[in-house]
Amino acid sequence: MKTLAYFASGHLKKDYHDLPFDKIYLVDNIFRNRNQSTGKIICLGMDCLESIEYFKSQNIVIDYFVSLNEGIVEGGGSYGINTDMFLGYAMQIFNNTYHHIMYQPSYSPNVNVSMDLPYNKVEINKNEPGYIDPFTFSTQGHSSSIGKVYKMSKFRFEKSIKINPNLEVKIIHDSIWCSYETLDCLFVSFLNNMTDKFFLNIPKVVEVNKSKFYKNLEHCVENKLSVVGFTPWNNGQYRAIVEELKDYKKEYPKEIRFYHLNKNDYEEIKNIQEIKKVKQII
């Protein structure tokens, strides 16, 4: 089954029925019902972050991801859909190879869109297989915005770092949310106060203590947490944390995984002599 999801979609357009997909999901708070079907088109009246859990619960895998006019300026949206925050969370429902349709650069100067993600990204044009014209979904072009279609192929890059013989430490170039089931706790760094509440309501999620790393370790000891993950924080300054882990002797945690989306994160930790290095193209 081939599926497309359009986040912050706005109203249903009749042309969508002609698109070559088995299912098309439109996600937007403007829809009155949480789940309303019109043929192959399903309108989900909910917040875009909230919809990810819906897709997971229904075992829906997305082949085409669309987000163009996110409505931050005039539509009341509080976060960008093409940001690391949202895409990192949504990676749970993406097919290993999917197509990403967006404006590039971002239509809003207040939204940081890097697309620096653990994917091999190739732009495709109208003469290549898989291309869909972005103006199919939005004709609200902007002078600084050009519709782009990317073919995205996921990879996972992992390093085991020799810091402490009694503690397994890994650097993983992947979304922490893709490992949710295997982690006892997810220490997440928040930047957007509008989304903090959403993430903190997810079981096993804790806000990372950015100033006192030992507090995170104490949380692991108190709750007997064996395998824990962290997202980047501390503006890339991790030397003191590495020194702290060298002398760590408590029973918990047994394994610490540092997850990152952007390729240059955790450079201070990566530069430590590594035990093994694995790159897997999925």
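A network of salt bridges links Lys-154, Arg-156, Glu-158, Lys-170, Asp-174, Glu-255 and Arg-257. The model in which this network appears is a predicted one, and the count of salt bridges in it comes to 15. Within the network, Asp-174 pairs with Arg-156, with their closest N and O atoms 3.0 Å apart. This pair joins distant parts of the chain, since Asp-174 lies in the loop between strand E9 (167–173) and E10 whereas Arg-156 belongs to strand E8, 18 residues away. Both Asp-174 and Arg-156 are buried.

A further salt bridge of the network is formed by the side chains of Lys-170 and Glu-158, at 3.6 Å from N to O. Here too distant parts of the chain are linked, with Lys-170 in strand E9 and Glu-158 in strand E8, 12 residues apart. Lys-170 has a relative accessibility of 14% and therefore counts as buried; Glu-158, at 16%, is likewise classed as buried because the cut-off for burial is under 20% relative accessible area. Strand E8, which contains Glu-158, spans residues 146–164. Besides the salt bridge to Lys-170, the side chain of Glu-158 makes a polar contact with the side chain of Arg-156 at 3.5 Å, and Arg-156 is in turn the salt-bridge partner of Asp-174.

Another salt bridge connects Lys-263 with Asp-116, the closest N and O atoms being 3.9 Å apart. Lys-263 is located in the loop between E13 and helix H6 (267–270) and Asp-116 in the loop between E6 and E7, so the pair ties together parts of the chain that are 147 residues apart in sequence. The loop that holds Asp-116 runs between strand E6 (94–104) and strand E7 (119–123). The C-alpha atoms of Asp-116 and Lys-263 are separated by 6.9 Å, and the side chain of Asp-116 also reaches the backbone nitrogen of Lys-263, at 3.4 Å. When residues up to four places away in sequence are not counted, Asp-116 touches Leu-261, Asn-262 and Lys-263. With a relative accessibility of 21%, Asp-116 is partly exposed, whereas Glu-158 is buried.

At the level of the whole protein chain, six helices and 14 strands are present. Of the 282 residues in the chain, 50% are buried, and the exposed area is about 14,200 Å², of which carbon and sulfur atoms supply 46%. Among contacts between residues at least 6 apart in sequence, 66% join residues at least 24 apart.

Two of the helices illustrate how buried residues are placed. In helix H4, which covers residues 213–223, the buried residues are Phe-213, Asn-216, Leu-217 and Cys-220. Viewed down the axis of H4, these buried residues fall within an arc of 95°, so they line one face of the helix. The elements that cover them include strand E10 (185–188), strand E11 (205–207) and strand E12 (227–230), together with helix H5 (239–246) and strand E13 (255–260). After H4 comes Lys-224, which has a positive phi, near 50°.

In helix H1, comprising residues 48–57, the buried residues include Cys-48, Leu-49, Ser-51, Ile-52, Tyr-54 and Phe-55. At the start of this helix, a side-chain oxygen of Asp-47 reaches to within 3.0 Å of the backbone nitrogen of Leu-49. Just after H1, Asn-59 adopts a positive phi of about 55°.

The cysteines can be considered with respect to covalent links. A disulfide is a covalent bond between the sulfur atoms of two cysteines, and the structure holds zero disulfides. Cys-43 is buried, with a relative accessible area of 6%, whereas Cys-178, with a relative accessible area of 32%, is partly exposed. Buried cysteines also occur within helices, among them Cys-48 in H1 and Cys-220 in H4.

Technical notes: Residues numbered from 1 in each chain as written. Predicted model: local features only at pLDDT ≥ 70, side-chain atom pairs only at ≥ 80, totals over all residues. Heavy atoms only, no water. Helix = DSSP H or I, 4+ residues; strand = E, 2+ residues; numbered from the N terminus. Buried < 20%, exposed > 50% of the residue type's maximum accessible area, 1.4 Å probe, protein only. Contact = heavy atoms within 4.5 Å. Polar contact = N/O pair within 3.5 Å; in protein donor to acceptor, adjacent residues only side chain to side chain. Arc of directions from axis to C-beta. Areas by Shrake-Rupley, 256 points an atom, 1.4 Å probe, with all protein chains shown as cover. Disulfide = S-S within 2.5 Å. Salt bridge = Lys/Arg side-chain N within 4 Å of Asp/Glu carboxyl O.
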